Amino acid sequence: MATAKEVFEKVNGCVEAIRKVTDFKPKVALTLGSGLGNYASQIDIKCEIPYSEIPGFPVSTVPGHDGRFIFGYVGETPVVCMKGRVHYYEGYDISDVVLPTRVMRMLGAEILFLTNASGGINYSFNPGDFMLLTDHVSVFAPNPLIGPNVDEFGTRFPDMSNVYDKDLMKIVKDTAIEDKIYLHEGVYAQLTGPSFESPAEIRMLRTLGVDAVGMSTVVEAIVGNHMGMRICAISCISNLAAGMGDPLSHEDVQKAADKSGKLFEKLVTDCIKKF
Ligand code: HPA
């Protein structure tokens with residue numbers, strides 16, 4: 001297990017490598033999930049850095065997950081955007097999965113805006129709908145804070161009562177109304193994947209009060225919260241969860257998420273302009 005000093009120095013090394021290329025100071029850190037692959041077109045781009053040019057930075061192996069940081073403006077708001085993220089199921093140590101979030105915080109980002117695609121568990125959800133995360137279930141994924149605490153990042157036992165910021169939630173909800181986009185609210189659970197859930201697991205999650213399930217986001221929210229970021233997260237319901245509809249495939253999930261992409265882009269852009 002890495003020491004606290006090693007974890008900190010790896011993150012700091014990435015920050016130093018980025019600072020050799022750009023002094024851009026973002027306010028918002030945006031992580032793009034499936035469906036937002038073309039989001040770069042919404043950004044007045046000032047600088048792009050492929051992850052592969054940052055020593056030690058985890059690079060995704062999943063088809064369709066391009067990897068680069070994009071620095072620029074959405075409206076007047078300075079943003080660092082992660083095009084592509086790595087997932088725990090790719091075999092990375094969980095501290096590497098959350099490293100990019102920590103790097104963005106150390107670059108100055110105060111707000112963490114997480115997006116993803118997920119399977120809808122709540123019976124009132126349909127593919128193509130959006131859900132604002134009001135809370136999460138993290139217990140099926142490894143906790144990224146396990147190991148020595150990095151005091152520079154935050155406290156040993158962080159409070160999790162208000163991970164998703166109420167003021168940001170209000171902005172997202174108001175923006176969805178203005179844009180005439182229907183927005184569900186609910187609880188998201190992160191499982192490790194890469195296999196999709198079994199129907200029995202989906203029934204279990206529903207019993208636990210989970211509305212949507214995916215393979216990302218919660219570990220990033222945990223480290224963002226640890227580092228004092230204000231967080232909001234929106235999920236695109238790309239499919240009905242296992243046992244509720246057709247059998248699942250990555251390609252179908254990707255296609256369905258892409259179909260909602262334009263609307264998702266609009267919602268995210270109009271929110272960021274107000275952040
Ligand atoms: N399960 C897990 N992850 C997902 C799903 C799902 O049904 N859809 C998109 N990501």
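What follows is a working chat about a predicted model, its ligand site, two helix pairs and some backbone details.

Reader: Which residues are around the ligand here?

Author: In this predicted model, the residues around the ligand are A117, S118, G119, F196, E197, V213, G214, M215, S238, N239, L248 and V253.

Reader: How many of those in the shell are nonpolar, polar or charged?

Author: The shell around the ligand divides into six nonpolar residues, five polar ones and one that is charged.

Reader: And which strands supply at least two residues of that shell?

Author: Strands β5 (111-120), β8 (212-214) and β9 (230-240) each supply at least two residues, and β5 gives the most, with three residues in the shell around the ligand.

Reader: What lies opposite the ligand's nitrogen atoms, on the side chains of E197 and N239?

Author: For E197, a polar side-chain atom lies 2.8 Å from a nitrogen atom of the ligand, while for N239 a polar side-chain atom lies 2.7 Å from a ligand nitrogen atom. With G119 the partner is a polar backbone atom, which is 3.3 Å from a nitrogen atom of the ligand.

Reader: How much of the ligand's accessible area does the protein cover?

Author: On its own the ligand has 260 Å² of accessible area, and the protein covers 94% of that.

Reader: Changing topic to the helices, at what angle do α4 and α8 cross?

Author: The axes of α4 (residues 166-178) and α8 (residues 261-274) cross at roughly 130 degrees and come within 9 Å. That angle falls outside the ranges for roughly parallel, roughly antiparallel and roughly perpendicular, and α4 and α8 are therefore oblique to each other. The crossing in which α4 passes α8 is right-handed.

Reader: What about α1 and α3, and how are they oriented?

Author: Helix α1 (residues 4-19) and helix α3 (residues 99-106) have axes that come within 9 Å and cross at roughly 60 degrees, so α1 and α3 are oblique to each other. Helix α1 passes α3 in a right-handed crossing.

Reader: Now the backbone: which residues does the cis peptide bond join, and where is P194?

Author: The cis peptide bond joins G193 and P194, with omega at about 0 degrees, and P194 has its place in the loop between β7 (183-190) and α5 (199-207).

Reader: Why would someone remark on a cis bond or a positive phi?

Author: Because most peptide bonds are trans, and most residues other than glycine have a negative phi.

Reader: Then what is phi for K180, and where does K180 lie?

Author: Phi of K180 is near 60 degrees, a positive value in a residue other than glycine, and K180 lies in the loop between α4 and β7.

Conventions
Residues are numbered from 1 along each chain as its sequence is written. This is a predicted model: local features need pLDDT of at least 70, side-chain atom pairs count only at pLDDT 80 or more; totals for chains, interfaces and linings use all residues. Side-chain values use heavy atoms; hydrogens and water are left out. A residue is near a molecule or strand if one of its heavy atoms lies within 4 Å of it. A polar contact is a pair of N or O atoms within 3.5 Å; within protein, one must be able to donate a hydrogen and the other to accept it, and residues adjacent in sequence count only if both atoms are side-chain atoms. Accessible areas come from the Shrake-Rupley method with a 1.4 Å probe; for residues, only the protein chains shown count as cover. Helices (H or I, at least four residues) and strands (E, at least two) are DSSP runs, numbered from the N terminus. Ala, Val, Leu, Ile, Met, Phe, Trp, Tyr, Cys and Pro count as nonpolar, Asp, Glu, Lys and Arg as charged, and the others, Gly among them, as polar. Axes are lines fitted to C-alpha atoms, for helices over the stretch in contact, and angles run from 0 to 180 degrees between N-to-C directions. Angles under 35 degrees count as roughly parallel, over 145 as roughly antiparallel, 65 to 115 as roughly perpendicular and the rest as oblique. A crossing is left-handed if the near helix is turned anticlockwise from the far one by less than a right angle, and right-handed if clockwise.
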